[in-house]
Amino acid sequence: MILSTIVTASLALTGAFEGPATEGAPLPAPTPTAEESVLQPISVERAVAFKAKRVFFGDGNHVDDGIVLVQDGVIHSVGADVAVPEGVAIVELDGMLSPGLIASHSYEGLGAEHADSTRPTMPEADIAMAFQPHHVDFAKTLAAGVTSVVLAPSSATLIPGTTAVVKTSGGKVVRRPAQLQVVLSNDALNWNSFPTSHAGAMAELDRLFSEPTGQIARATSGNLPVLLSADDRSDISRAVSFAGRYRLRGAIYGSMWAEDLIDQIAKSGLGVVCNPFDVGEDSRGMRAVVGLAKRGVRLGFGLDAPNRDPENLRFGAALCIRGGLDSKLALKAMCSDAASIAGVERRIGRLERGLDADMVLWSGDPTELTSSVVAVYVDGTLVHGGGE
Amino acid sequence: MRIVASRLATAGLAMAALAVGSTSASAAATEMSPPATAAPQDDASADEVAEESAPVHVLVKASRLIVRPGEELENTSVLITDGRIISIGAELEAPEGATVVEGAVVCAGFIDPWSALGMEEASRVDRGAGPATKASDGWSPYADEHLREEALRAGVTTIHLQGGSTAALGGLGALVRIGPSLGDEALVLSDVCLSATVGLSADGGFWGGVRAVDPFDRMQQIDRIAQNLGSGQSYSESWAKYESEIVEWEKAIAEKEEELEKDFKKAKKDREKDIEKAEEKGKEYKEKRYKEDRKPRRPKVDRDKAVLARVANGEIPLVVEAHRASEIRGLLDAIEAFKRVRLVIAGGTEAKSQAERLAERGVTVIVWPALLGSSRYDEYETHDLSLAGELAEAGVKVLIGSGGREAAATRDLPLLAASLVGHGLDRDVAFGALTIDAARALDVADRLGSVELGKDGELIVLTGDPLASATRVQYVISAGRVVVTPED
């Protein structure tokens, strides 16, 4: 089961997605994009047009009274002036549509399988092997409007493995491996076994990265982004210089102490995945996010469900908005930024031609906690809510 | 009149009474008797201050004034003088020397009915607390200063604190303002409620983690609450009995006094004759005994039972943190015999199953939207953000609290309320829970919770909708002064 979904997913990634040939009204003057190859001419039977009061594209912009035209689970066109071919079913939605939200760091459905402390470095360990697509955790996450999560190995060892982007409904693996995780915080250190110090840990990383093989080689050649876990300021400094030393691209995981290092982070080109925000969170965490966003740093929000309620994702965003973050950037961080940090920006994270039709219908603006999830669509299919 | 009680206890009563007069007061009896409700003390002190200095005026101009949930006025001003709202109107003139603030939305400051802000940790969890232990004694107006500032900037002006969370009965809750840092002004009430807990997991001690309380312990905790209410009720009854008896006794004495006074000369002569007779017979003279001499016995003063009596009589609410359906059912059963008890459930994770009974009995539930994960096996295991909405739908009175554990959580009360709206709670009900309904449940609706004449001037000035993410609090007016101004 898992294997087959993985195969489908990787096929889709390589652009070999094929649907049955159809005849139907061709779309008037489509704008060519990189994903053009996956698109088919519109078929009256298979296409659906979703109309909503407002459509958030996921990149910080939106359009009022927008239409999303979907066929075979893929977005065909989006905008206020989408010409819907005659005969195509139109679904009038009472609310606002956004891309499905993406949690940039989480543990749903992994049980105890995300933690392996037998070896300090396991760059080939693939967290997707622990992915249980039908685990009950995912239903709750889905109900919170989160359609994809970045599953991460536990950050208890120096290189715990690679992350994977999975959908919270249908069991699709969007990308695996997604990021190589390297833990630069105290979590990776032990009191009685290697590594016991930051110096020792860094020496080991230098050894592995100067003669790279496997996933590490993919990371150093720029083909696999990294996720560098950091707790405090010295961790962040080390992460920035480590990434610079090996020309790694990717993101730092851990924003709590980033406030004092915004300049270095912005110059490094790394993105930042925020630690999950809790009720009563120290305001330094919000100040860091506001400062990073001002400098144009790509941001994602961690969630770490099931240890936290999936609502923590939007709650954290709302806390940052209260702290001064532009709500457009907050939504962007949960959509297109999160997707690009995880290297899946050509599959999910925006409502755009050629991307998966993962969408959430909200009763209002998704960055308002007063707004509720009305319906969730994954690959164009209604998978949550939407009744009556 | 209870004033004669202590002096006229013995025989020579008639004569002695006439000689001494009956003016002395019994301090113990007036202070300690349970039915006497303690009046809020800061009224008097506020008036004193006002007499000494010039009145302090604050004029608040609002584009949109939320008077109470669902009731709004446009372009309205509110004049606060010496901490009280003295006028509300469209075209109010600022008195000389008044501070004038202006904003888009003005409403009553938010009340967190379940907070830990400024509470000393040892008092918060004190195992040795009893009914008469006061949370106000474990609270410091100077603690958690930056958290207090953050909470104020989020619009929370008043908080309810409870202590003794690991004791059977945690003591009297305190209602404090977090705007002014001065102790006396900050304390609104030191006897808001009696708090208790049932079935809370305890700290696992040396081995860490949490230690669950087993079902028998939980039932025992409920029984203990019921027993305590029973002893409070009998304490209250014994005092009531004593007070009615003492009134009768005083009346009898007064009558006897009158009778004796009328025949004073005769009585005196009779007494002298009796003394003479006794001397003749070589016997010791014994004062004549009257049946009125038998003074009703005053019950022993018990501060804990006095609090329990107030709870049993419904003078102050009983706030019990309980989560499991069985515990809530047990509590409802236990208070069945105490018709006047006003029960408030804090937490109520599994309260949905008891919604009908809770509504019927008029029980308020303080919901804590904790945003906890599902991977836990304690009393919060089944927590769900739809709780508040579903309870309110079923007619249960709902308040929203920050959980009384983390001092920092009070700041996020408005966002927690917003989350509940996103999960089915009506917007006006949520706003009411933060303001007037919290004030009602804590018996301070005459002073706080809405923008009305005569109420305390505890107001917040916001840039937009109180529950919206991007809304900023620009000004906070507390205890008659502007205590928060815009940051930039």
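**A tour of two domains and a chain contact**

Begin by selecting chain A of this predicted model, where the domain assignment gives domain 1, made of residues 2–99 + 350–385, and domain 2, made of residues 101–341. If you colour these two domains of chain A separately and take their centres over C-alpha atoms, you will find those centres separated by 28 Å.

Next, turn to the place where the two domains touch, a contact that takes 23 residues from domain 1 of chain A and 30 residues from domain 2 of chain A. On the domain 1 side, select α1 (2–13), β5 (96–99), β17 (373–378) and β18 (381–385) of chain A, each of which supplies at least two residues to the side that touches domain 2 of chain A. Pause on α1(A), since the largest share of that side, five residues, comes from this helix. Colouring the side of domain 1 by residue class then shows 13 nonpolar, six polar and four charged residues facing domain 2 of chain A.

Now bring chain B into view and look at where chain A meets it, in a contact that takes 24 residues from chain A and 25 residues from chain B. On chain A, select α2 (137–143) and α8 (312–322), which each supply at least two residues of the side that touches chain B. Of these, keep α8(A) highlighted, as this helix gives the most to that side, with six residues. To finish, colour the side of chain A that touches chain B by class, and the residues there divide into eight nonpolar, nine polar and seven charged.

Technical notes: Residues are numbered from 1 along each chain as its sequence is written. Chains are lettered from A and ligands numbered from 1 in the order in which they are written. This is a predicted model: local features need pLDDT of at least 70, side-chain atom pairs count only at pLDDT 80 or more; totals for chains, interfaces and linings use all residues. Two residues are in contact if their C-beta atoms, placed from the backbone, lie within 7 Å. Helices (H or I, at least four residues) and strands (E, at least two) are DSSP runs, numbered from the N terminus. Ala, Val, Leu, Ile, Met, Phe, Trp, Tyr, Cys and Pro count as nonpolar, Asp, Glu, Lys and Arg as charged, and the others, Gly among them, as polar. Domain bounds come from an automatic or database domain assignment.
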